[in-house]
Amino acid sequence: MKKSIRILPVLFIALAVLTFSGCGAVSHLLQTAFTDMPTADNTYTSVTTLNLEMIQAMQKGETRMTFNIADADEAELTHLADDMPTFWGKPSTFTINNEFKNMDKIEPGKQVTVRNVTAKFDLSNNYYVYQSIKNSVAIPDGHAHAAEIAKALPDIAKAIFTDPAADDYTKALAVHDWLVANITYDDNVSNLDDSNGSYGGLITKKTMCRGYAESFCLLLYCYTNVETYMMVGDARQDNSSSWIGHAWNIAKLDGKWMQIDATFDDPLGNPDGVVLHTYFGQSDALMKSNHRWADGYYPATTTEDFYYFKKAGLYAADYARFQDIARAQFKDAEPARLQIAGVGAPLTEDNIQFLFKANKKISELYWSEQVFGDVHVSTIEPKYADETQKAA
């Protein structure tokens, strides 16, 4: 007799809207004209290149940057940082100092306007914490949340990095798992203050997507040599046409760049400390099924898809291999939860029935599946006979 299988509740959490507040309106402060006219060598024509330069300036602790930019009007200046990751800080204002008309030598054959602009930056808590932990630089007065993070971080790191000899992959996985297990996703926190940032992720432990992403970067920056960045863009739930702002990570592990989304691996409310790994080690190609981001900011990820599952021996090339992996997991153990990635057609209630024979103590199965092209990730939560009897 076929046993009933219940579909697991949707494991995606509600996405956080990520906005870059504080850019402000452009101020008109027409100052002394240039002595020398702008040239192509000192004028930005790419917003991406300019934003990357601003990120580097904030990482160095600079609080302003003056630059020339072609063909950006006053309205566009307020949106220059829309695609910029804000881990180190964010622009607060853009001030036009001067402008030059019809600079056709900037882009040959095209008449353009070049503006000389000064951007002022607000450095983030992460900048001050990093300088405190790595370089023993005192955190300035007026940054109480940064000081609180810096005070708490060593004990958090001690709980995460238990093996000094661990490789980069193991360290990054430990950070991911700690964040998912300890943070509660809370869309009631303010998106405009420190609660949606590393302070929310590491201190109050209630935050939205940016809190997960900043905390992931901060721990790896301060206590490892792992190359990692915070990514910003949009994401959507399965089968939804609505894209909303989101933040996640990219890291270089085992010599390969891969994407990691701790927020998406944390079920809403974090029931029973559930830690999923669907989004640990994704490639660009698969991540694009429900994430999108601006080109040019981040390294390409071409690593094998679902790297976590392949490294953990939980990747099945076909249905027969899926069965072998599942049987091995249930043979001498009673796991509370199992995730397996597989290639081929999605599973059905009929072809997952074999699990009741793999471990005869299983009385019920809760099961869900996420599909990424021809790869599917099954999440299985069994209930065992003795648990059912105790509950009764």
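**Figure 1. Strand β15 and its antiparallel partner β17.** Strand β15 (residues 338–343) is joined by 6 bridges to strand β17 (residues 375–384), and the two run antiparallel. The view comes from a predicted model, as do the views that follow. Within this pairing, Q339 of β15 stands opposite T379 in β17. Of the 6 residues in β15, 5 are buried, and the strand is mostly covered.

**Figure 2. The β-α-β unit that ends in β15.** Strand β14 (residues 315–316), helix α10 (residues 319–331) and strand β15 together form a right-handed β-α-β unit. The strands β14 and β15 pair in the parallel sense, with 2 bridges between them. Y315 has A341 as its bridge partner in β15. Strand β15 therefore has a parallel neighbour in β14 and an antiparallel neighbour in β17.**Figure 3. A salt bridge within helix α10.** D324 and R327 both lie in helix α10, 3 residues apart, which is about one turn of the helix. The two residues form a salt bridge, with their closest N and O atoms 3.9 Å apart. D324 is partly exposed, at a relative accessible area of 41%. R327 also counts as partly exposed, at 37% relative accessibility.

**Figure 4. A salt bridge between two loops.** The side chains of E334 and K361 meet in a salt bridge of 3.1 Å, N to O. E334 lies in the loop between α10 and β15, and K361 in the loop between α11 (355–358) and β16 (362–372), so the pair ties together parts that are 27 residues apart in sequence. The relative accessible area of E334 is 35%, which makes this residue partly exposed. K361 is partly exposed too, with a value of 46%. Elsewhere, salt bridges that share partners join D71, E107 and K110 into one network. The structure holds 12 salt bridges.

**Figure 5. Strands β5 and β6.** Strand β5 (residues 89–100) has 9 of its 12 residues buried, so the strand is largely enclosed by the rest of the structure. Strand β6 (residues 114–123) runs antiparallel to β5, and 10 bridges join the two. One of the paired positions is E99, whose bridge partner in β6 is R115.

**Figure 6. The side chains of R115 and E99.** Bridge partners in the strand pairing, R115 and E99 also meet through their side chains, in a salt bridge of 3.0 Å, N to O. R115 lies in strand β6 and E99 in strand β5, so the salt bridge ties together parts that are 16 residues apart in sequence. R115 counts as buried, at 10% relative accessibility. E99 is partly exposed, with a relative accessible area of 29%.

**Figure 7. The surroundings of N126.** N126 is found in helix α3 (residues 125–135). This residue is buried, and its relative accessible area is 0%. Leaving aside residues up to four places away in sequence, N126 touches F87, W88, S198, E214 and L218. With one of these, E214, the side chain of N126 makes a polar contact of 2.9 Å, side chain to side chain.

How values were computed
Residues numbered from 1 in each chain as written. Predicted model: local features only at pLDDT ≥ 70, side-chain atom pairs only at ≥ 80, totals over all residues. Heavy atoms only, no water. Helix = DSSP H or I, 4+ residues; strand = E, 2+ residues; numbered from the N terminus. Buried < 20%, exposed > 50% of the residue type's maximum accessible area, 1.4 Å probe, protein only. Polar contact = N/O pair within 3.5 Å; in protein donor to acceptor, adjacent residues only side chain to side chain. Contact = heavy atoms within 4.5 Å. Pairing = 2+ DSSP bridges. Right-handed = clockwise from strand over helix to strand, strands pointing away. Salt bridge = Lys/Arg side-chain N within 4 Å of Asp/Glu carboxyl O.
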